[in-house]
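Okay, everyone, thanks for coming. Let me put the structure up on the screen, and then I'll walk you through a few spots in it.

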Amino acid sequence: MTTITTHWLDGQPYEGNHVTTSPIHDPATGGFVGELAHATPEDVEAIIASSRKASENWSQVSLAKRTAILFRFRELLVEHTDALAEIVTREHGKVLWDAKGEVARGLEVVEFACGIPQLLKGEFSEQAATGIDVYSFRQPVGVVAGITPFNFPVMIPLWMSPVAIAAGNTFILKPPGRDPGAGMFLAELWKMAGLPDGVFNVVHGDREVIGRLLTHPDVDAISFVGSTSTAKIIFETGTRHGKRVQALGAAKNHGLVLADADLDSTVENLVAAAYGAAGERCMALPVALVQEDIADELVAKLVAKAAQVKVGPGTSAGVDMGPVISEQAKARITGLIDSAEAEGAEILVDGRNLVVEGYEGGYFLGPTVVDKVSPEMTINQHEVFGPTLEIIRVAGLEEGIEIINRNRYGNGAAIFTSSGESARTFQRAVQVGMVGVNVPIPVPVAWHSFGGWKDSMIGESHIYGPEGVNFYTRGKVVTQRWPRQSGKVSFHFSGDAQK
Ligand code: NAD
């Protein structure tokens, strides 16, 4: 019998009136593992109505009670890490230890959200004018919808929902269509943690469903993570309908390797950052800008190391890298490698024709090293989101920074060097949101916020951390006086009488 992934409404699975479904595949085998129910307009309406109703009570629940639920949710996530990771590996394909790592990074945000009483303390100015105190605090925005991408089906919902919920909002998750199972499991964990029904709902579907979330008067804020073209649609539509929107987009992160870098550790870092999760990370490092003097030596080491990467199903022990998400993704990545070859780059390690024995139907590609790339080539102009590492040879620091700043994306960038001066120049000049100094994937810890620049982020609010708390709350300022009975009221706006 086919397993159908349903929605989640009022603390339980909700089948809805589904008339359309889409298939879910195991990327390691290409086999069909289930179907996803798509919501009808009536289903979306029911889910939004539940979230709106639940927000009336949830926004009144004390900080102490909210925090207690967050702590219980944190314990349940730890307890169920293996189960969550298995779902991620089955539907996404990444190796099990990487899926567990994804849960651990999401857990960090839950732990940050456990500190919500401290984060919402507000500010107080005593005696701002004679007899007048002024204080400010923040209140929840209401109903938040989170629209998430396929590549981190646990971590990205956890970048959003714990902070939104801890701040007193209700949350509607729209998980990715290709790997929706983890989002549903999170709903179960929230329920087990004691979250009231309707505070965390889940809706599945395509553009029509998302369009309804973006335009519905009872949705107040949208958190989006995905490709740039979608981020632009989400931002434009959501803001046009009066919502606050944070929309994180695609990436093309470059790592600059200077001649004074520790070559062996840099090679280890570059290989792990280019091929981990088959390159399907928005903070992957698919381009190495290598100082000419050391380029031949570094490339020889990279080629040797890339050839050792073990590719296979994510459930097998000893595997470094699983398949990519779909047949279409595989074809797109292969096409970009073909274009580099046609435009004059050299393919030193070629993963295009890799076949994993026993998994011939899987969407596998091997690690690929593309040397002698130039910034004008098609491959460098696009986000590959696959297991490729492009090498661009540069004269030094200045040219490296200039190439990074010319790229349309600005998510992350890294420098590998033993010079503090070069690192400092780099971190100040580079036009990206997150910088690594001898750290290839500089994803900020949860108490700093995450976000890129340029086409990697539309709008201005970064996600989780302090910016997340601000995004999910609205400020209010109270100016207060307790006058003696005979006090005279002044018509002055803020003149001497008030002071
Ligand atoms: P995607 O943009 O195709 O989909 C993301 C979400 O948007 C999904 O839930 C999808 O159903 C929905 N969606 C897709 N097309 C839509 C449309 N036309 N209108 C409305 N909604 C639509 O992205 P993806 O392929 O799932 O994820 C990969 C992309 O996400 C990559 O570009 C990657 O760089 C990016 N990403 C960015 C970050 C970041 O933090 N900046 C993190 C992870 C992934």
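I'll go through some strands, then a few single residues, then the aromatic rings.

One thing up front: this is a predicted model.

Let's begin with a little sheet. This open sheet has 3 strands in the order β1-β5-β4, and the pairing is mixed. Its edge strands are β1, residues 4-5, and β4, residues 21-25, each of which pairs on one side only. If you look at β1 and β5, where β5 is residues 32-37, you'll see them running parallel, joined by 2 bridges. Threonine 5 is the one standing opposite leucine 36 in β5.

Now keep those two residues in mind, and come over to histidine 204. That histidine is in the loop between β10 (200-202) and α8 (207-215). Is histidine 204 buried or exposed? Its relative accessibility is 0%, so histidine 204 counts as buried. And what is histidine 204 in contact with, once we skip its neighbours within four places in sequence? Thr5 and Leu36 are both among its contacts, and those are the residues I just showed you facing each other across β1 and β5. The list also includes His7, His38, Lys174, Met184 and Val209.

There's another histidine to look at, back in the sheet. Histidine 25 sits in strand β4, which is one of the edge strands. With a relative accessibility of 32%, histidine 25 counts as partly exposed. Leaving out neighbours within four places in sequence, histidine 25 touches Gly30, Gly31, Phe32, Val33, Arg90, Glu91 and Tyr363. If you want a sense of scale, the C-alpha atoms of histidine 25 and glycine 410 are 32 Å apart, with the two positions 385 residues apart along the chain.

Okay, next set of strands. Please find β16, residues 368-371. Thr368 and Val370 point one way from that strand, Val369 and Asp371 point the other way, and all of them are buried. β16 pairs with β15, residues 346-349, in the antiparallel sense, over 3 bridges. In that pairing, glutamate 346 has aspartate 371 of β16 as its bridge partner. β16 also runs parallel to β17, residues 388-394, and again 3 bridges join them. There, threonine 368 is partnered with threonine 388 in β17.

Now for a lysine I'd like you to see. Lysine 243 is in the loop between α9 (228-240) and β12 (244-248). Which side chain of opposite charge is nearest to lysine 243, and how far away is it? It's aspartate 220, at 6.5 Å, and lysine 243 is buried yet has no salt bridge. What you do find is the backbone oxygen of histidine 216, lying 2.6 Å from a polar atom of the lysine 243 side chain. Both His216 and Asp220 are on the contact list of lysine 243, and so are Leu213, Leu214, Thr215, Pro217, Val219, Ile222 and Gly238, not counting neighbours within four places in sequence.

On to the rings. Searching the whole structure turns up 10 aromatic pairs. One of them is tyrosine 135 with phenylalanine 137, which is stacked, at 6.3 Å centre to centre and 25 degrees between the planes. Tyrosine 135 is partly exposed at 22% relative accessible area, and phenylalanine 137 is partly exposed too, at 25%. Then there's tryptophan 159 with tyrosine 464: the centres are 5.5 Å apart and the planes are at 65 degrees, so we call that pair edge-to-face. The pair links distant parts of the chain, 305 residues apart, with tryptophan 159 in helix α6 (155-166) and tyrosine 464 in the loop between β22 (457-458) and α16 (465-471). Tryptophan 159 is buried, at 2%, and tyrosine 464 is buried, also at 2%. There's a cluster as well, made of Phe73, Phe171, Trp190 and Phe200.

Last stop, a couple of backbone angles. Alanine 278 has a phi near 55 degrees, which is positive in a residue other than glycine. You'll find alanine 278 in the loop between α10 (263-275) and β14 (287-291), buried at 1% relative accessible area. Asparagine 438 also has a phi near 55 degrees, and its loop runs between β20 (434-437) and β21 (453-454). Asparagine 438 is partly exposed, at 38%.

That's what I have for today.

Definitions and conventions
Residues are numbered from 1 along each chain as its sequence is written. This is a predicted model: local features need pLDDT of at least 70, side-chain atom pairs count only at pLDDT 80 or more; totals for chains, interfaces and linings use all residues. Side-chain values use heavy atoms; hydrogens and water are left out. Helices (H or I, at least four residues) and strands (E, at least two) are DSSP runs, numbered from the N terminus. Buried means under 20% relative accessible area, exposed over 50%, partly exposed in between (1.4 Å probe, protein chains only). Lys and Arg count as positive and Asp and Glu as negative; His and the chain ends are not counted. A salt bridge is a side-chain nitrogen of Lys or Arg within 4 Å of a carboxyl oxygen of Asp or Glu. A polar contact is a pair of N or O atoms within 3.5 Å; within protein, one must be able to donate a hydrogen and the other to accept it, and residues adjacent in sequence count only if both atoms are side-chain atoms. Contact means heavy atoms within 4.5 Å. Two strands pair if DSSP finds at least two bridges between them. Rings of Phe, Tyr and Trp (its six-membered ring) pair if their centres lie within 6.5 Å; planes under 30 degrees apart count as stacked, over 60 as edge-to-face and the rest as tilted.
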